[in-house]
Amino acid sequence: MGRHQRNIVLIGMPGSGKSTIGVLLAKALAMGFIDTDLLIQADQGQTLQAIADEHGYQYFRNVEEKVLCQLEVCGQVISTGGSSVYSDRAMRHLRQNGLVVFLDVPLAAVRERIGDYSLRGISRRPGQSLDDLFQERYQLYARYADITVDGNLGSQGEVCEEVLHALPPLVTGGV
């Protein structure tokens, strides 16, 4: 199985850098990379936005939970969708063999990075504002995080370095 047994699971708001930082981490640690949003799209044969538009946010979250709970991997960096933390079952499953890293980005930076968030396939209740969504999710991210890293430190490379420094040697193999 190689030296990396555990997964590194990235959580955080849309625009926090989970996918980009995830790829950088996977390269730095010689691990695989999985973007769960892509797994959801493959499972449904639709984009995230189409799933949310056609079936609603609750259906989307149910599909997300199913896909996350079916994930049986080790030695992977896993970038989760921003709404993954709504499923306690999915988060417990991911934590069984994973270290959860919260990429903490302030609301102003999220707003700046994602622009018109209605186009991003963000799972939210109809009419829910980005501010409300941020407050609601922030508590969940903090609850599930084993490690919290400031995702607004500077470049993506700098954030990746910060995550690497925060990981225990058991995960990184002493990198």
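Two strands are said to pair if DSSP finds at least two bridges between them, and helices (H or I, at least four residues) and strands (E, at least two) are themselves DSSP runs, numbered from the N terminus. By that rule β4 and β5 pair, since 4 bridges join these two strands, which run parallel, and within the pair V101 stands opposite I147 in β5. The model discussed here is predicted, so that local features need pLDDT of at least 70 and side-chain atom pairs count only at pLDDT 80 or more, while totals for chains, interfaces and linings use all residues. Residues are numbered from 1 along each chain as its sequence is written, and side-chain values use heavy atoms, with hydrogens and water left out.

The pairing of β4 with β5 belongs to an open sheet in which 5 strands follow the order β2-β3-β1-β4-β5, with parallel pairing. Its edge strands, each pairing on one side only, are β2 (32–35) and β5 (147–150). Neighbouring strands are turned by 25 degrees against each other on average, direction ignored; for such angles, axes are lines fitted to C-alpha atoms, for helices over the stretch in contact, and values run from 0 to 180 degrees between N-to-C directions. At the β2 edge, 4 bridges join β2 to the parallel strand β3 (residues 76–79), and G32 is found opposite Q76 in β3. Further along the order, β1 and β4 run parallel and are joined by 5 bridges, with N7 opposite G98 in β4.

Strand β4 deserves a closer look. Because 7 of its 7 residues are buried, β4 is largely enclosed by the rest of the structure, where buried means under 20% relative accessible area, exposed over 50%, and partly exposed in between (1.4 Å probe, protein chains only). In a regular strand the side chains alternate between the two faces of the sheet. In β4, G98, V100, F102 and D104 point one way, whereas L99, V101 and L103 point the other way.

Two helices can be placed against these strands. Helix α5 packs on the sheet, touching β1, β3 and β4, and its direction makes about 120 degrees with that of β4; α7 lies across β1 and β4, running at about 145 degrees to β4.

A nonpolar core is a set of buried Ala, Val, Leu, Ile, Met, Phe, Trp, Tyr and Cys residues joined through side-chain atoms within 4.5 Å. The largest one has 27 residues, and those with the most contacts inside it are I11, M13, V85, M91, L94 and V110. Elements giving two or more residues to this core include β1 (7–11), α5 (88–96) and β4 (98–104), and α7 gives the most, with 6 residues. Apart from this core lies another, of 18 residues, among them L10, L103, V149 and L164.

Contact means heavy atoms within 4.5 Å, and, leaving aside neighbours within four places in sequence, L94 is in contact with V9, L68, L71, I78 and T80. Its partner L71 lies in the loop between α4 and β3 and counts as buried because its relative accessibility is 13%. Not counting residues up to four places away in sequence, L71 touches I34, T36, L39, I78, H93 and L94.

Helix α4 also holds R61, which is buried yet has no salt bridge, the nearest side chain of opposite charge, E136, being 4.8 Å away. A salt bridge here requires a side-chain nitrogen of Lys or Arg within 4 Å of a carboxyl oxygen of Asp or Glu; Lys and Arg count as positive and Asp and Glu as negative, while His and the chain ends are not counted.
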